[in-house]
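Colleague: Could you take me on a close look at one part of this model? I would like to hear about the helix pair at the chain contact and the loop that joins it.

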Amino acid sequence: MNPVAADPCEISYTNLQVQKEPDQTSTAVAFDRRKVYRPFLESLNSIAPARELLARGLIIPRDHDPRDLHEPPIHEALAHSAELNRGTQMALVGGIGSGKTTEILLTQQVLDRHADAVSVCVDMADYTDLNELNPGAILATVGMRLYSWLKKKGDDAEVVTPYRLLRKLAFPQKQFVHPDSLEPDYDGEEGVWVETRGLMRPRFPDLRKEVKEVKELALAIASPLLEKDAQITFLIDGLDRLINAERFREFAEQDLRALRGTKITVIVVAPLLLLYDKSRFLQDYFDLVKHIPAAAAGPRDSAFLRRILERRHALDLMNRPELNSIVKYSGGVIRDLLTLASSAAAYAYRDDEDKIGPRHVRAAIGQLGNRYLAGLGTVHRRRLRRLAEDHEFRTEDPVSLELLVNRQVLECFDHTRESFVVHPALAKVLPKPE
Amino acid sequence: MSEFSKTTAFEVVRRLASMGLTSPSLYILVCDRGEMETVEADLSAEMDVQLGSDLRLLEASNLRVEQLFEATLPNGGPRVVLLTMRQWERKLVDWLDRNIVLVTDAGPFLLLAELEIAERVLSVAPNLRNRLADILSIRPDPWVRRVPV
């Protein structure tokens with residue numbers, strides 16, 4: 001069958017809302033069908049841990065940088081940079097669901113080919129509520145994870161003391177203190193601190209006292225590895241979920257800057273918002289910035305997306321035109337690709353069908369589109385229509401930026417040229433102006 | 001009027017069954033305020049009948065994040081959590097958005113709310129929205145004979 005066959009979803013949209021009366025016969029048949037659909041649905045779980053998918057062989061690595069066909073894939077570029085320039089600091093940005101965690105794990109896999117590699121992958125949300133995160137917390141996590149690594153190897157004897165001190169600094173403590181033992185935090189003279197603005201504004205603020213303390217302890221823990229010239233890389237995920245870009249900047253200026261010059265390499269996932277920030281902080285601070293755009297545009301990317309579904313045996317349950325529709329309306333967002341395929345399968349299962357048909361795919365597209373449409377006010381809808389009709393989109397505009405961060409608008413690269421599109425599933429359900 | 005696919009507790013649980021209780025999944029169930037308690041009861045009953053498992057019911061109002069965190073921990077075997085949000089809870093939604101990976105890690109998580117609340121959740125919680133398996137408009141099961149109170 002022709003892989004670019006007519007899109008069955010171009011037929012007028014009708015939502016699948018038929019509610020079937022349950023009966024004994026359909027329940028018996030559905031039980032058998034469950035064995036067909038369950039493995040497919042399990043392989044499509046769009047929020048399954050990336051590590052698990054990697055282990056099950058369901059990850060399809062890209063064969064090039066999504067922004068540039070002639071550049072190596074992101075995970076290779078990041079790993080090569082970490083291997084050659086120890087202490088380098090790199091950022092990975094991309095929209096929600098674009099595959100950042102997968103790239104981080106693939107990078108770790110490449111790094112681990114060396115015997116002296118100490119590659120530690122952390123999701124900061126596993127340790128603390130990101131909003132409660134204070135400067136120094138990332139650095140403390142680095143120290144504690146390095147200690148765990150050394151302990152597993154039985155090499156922790158020398159670094160137990162700094163580890164204990166680090167834990168004291170990192171976690172809340174409760175101890176009895178006699179009031180007489182408390183010293184005032186000034187030397188007895190009356191006075192106030194007066195700050196005078198100098199002629200030169202420092203590029204970055206000074207490291208805070210507590211960050212300096214944590215840095216010393218973290219480096220003391222790392223010292224046995226640094227002395228052996230090990231290749232230490234920290235891959236830090238989760239900070240992209242900090243919607244406030246200023247908070248991320250604070251961590252970079254304190255925690256990451258404290259690691260500068262230490263030969264400890266850092267690869268950090270950063271919020272997409274910062275890529276379009278006027279200050280260009282991301283590009284200025286980090287040695288290398290890699291961006292995963294939505295893979296919406298060219299046929300090469302479509303092939304990549306098709307492979308993701310084919311690896312999950314999608315063609316056992318749907319024909320090529322349905323698969324192509326799912327690819328098209330995913331907008332190239334990998335998580336949406338999996339969600340569409342999964343929803344379509346769930347609709348087909350609900351209809352007691354053995355295969356996913358065009359109407360199931362249409363229903364899934366409508367459902368995804370409605371999800372993106374929900375909660376959008378008049379101003380947001382106007383911006384979307386302006387982009388759809390006049391191709392006008394300004395990233396300096398806060399409303400537009402919000403649409404981009406929330407994935408209602410997708411950023412695409414075609415031959416290194418950046419453009420923006422309304423998410424195709426949303427475009428399909430976006431109401432016309434009255 | 002909600003444009004989301006209509007469903008019932010029977011179908012929701014059937015869908016969870018097709019995925020397996022150990023798979024992380026996240027659903028928003030949109031429901032009229034007056035039908036919330038019936039839907040909760042339907043879901044609990046379907047969980048029991050179809051999967052032989054309990055539904056962990058949580059009320060969003062006055063819920064401390066520690067309680068939510070504890071309810072979603074993977075210890076104690078497979079579990080499904082249903083969080084009912086009867087009024088707008090900005091702090092809780094922000095927390096959910098930041099910690100959505102943790103919350104969904106150990107199995108299915110269902111958020112039950114009326115349309116207006118669900119739309120507000122979707123508009124301020126991009127991480128949560130992007131991890132949704134589906135948004136469904138849920139009604140009480142029509143064929144369940146209810147005992148008049």
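Modeller: Happy to; here is a walk through that part, with a second helix pair and a second loop alongside.

This is a predicted model, in which local features need pLDDT of at least 70, side-chain atom pairs count only at pLDDT 80 or more, and totals for chains, interfaces and linings use all residues. Residues are numbered from 1 along each chain as its sequence is written, while chains are lettered from A and ligands numbered from 1 in the order in which they are written.

Let us start with the chain contact. On chain A, 38 residues are in contact with 34 residues of chain B (contact means C-beta atoms, placed from the backbone, within 7 Å). The elements of chain A that give two or more residues to this side are α1 (24-44), α12 (334-350) and α13 (358-373); helices are DSSP runs of H or I with at least four residues, strands are runs of E with at least two, and both are numbered from the N terminus. Seven residues come from α12(A), which gives the most. By class, the side of chain A that touches chain B has 14 nonpolar, 13 polar and 11 charged residues (Ala, Val, Leu, Ile, Met, Phe, Trp, Tyr, Cys and Pro are nonpolar, Asp, Glu, Lys and Arg charged, and the others, Gly among them, polar).

Now for the pair itself. The axes of α12(A) and α13(A) come within 8 Å and cross at roughly 130°; axes are lines fitted to C-alpha atoms, for helices over the stretch in contact, with angles from 0 to 180 degrees between N-to-C directions. The crossing of α12(A) and α13(A) is right-handed (the near helix is turned clockwise from the far one by less than a right angle; anticlockwise would be left-handed). Among the residues making the contact are A:Leu340, A:Ala344 and A:Tyr347 of α12(A) and A:Val361, A:Ala364 and A:Leu368 of α13(A). In total, this contact divides into nine nonpolar, four polar and one charged residue.

In the loop between α12 and α13 of chain A sits A:Asp352. Its phi is near 55°, a positive value in a residue other than glycine. A:Asp352 counts as partly exposed because it has 13 C-beta neighbours inside 10 Å (20 or more is buried, 12 or fewer exposed, and in between partly exposed, with C-beta atoms placed from the backbone).

A:Asp229, in the loop between α7 (209-227) and β3 (231-237) of chain A, also has a positive phi, about 65°. A:Asp229 is exposed, with 10 other C-beta atoms within 10 Å.

Finally, the axes of α5 (137-153) and α6 (160-170) of chain A come within 10 Å and cross at roughly 145°, and that crossing is left-handed.

Technical notes
Two residues are in contact if their C-beta atoms, placed from the backbone, lie within 7 Å.
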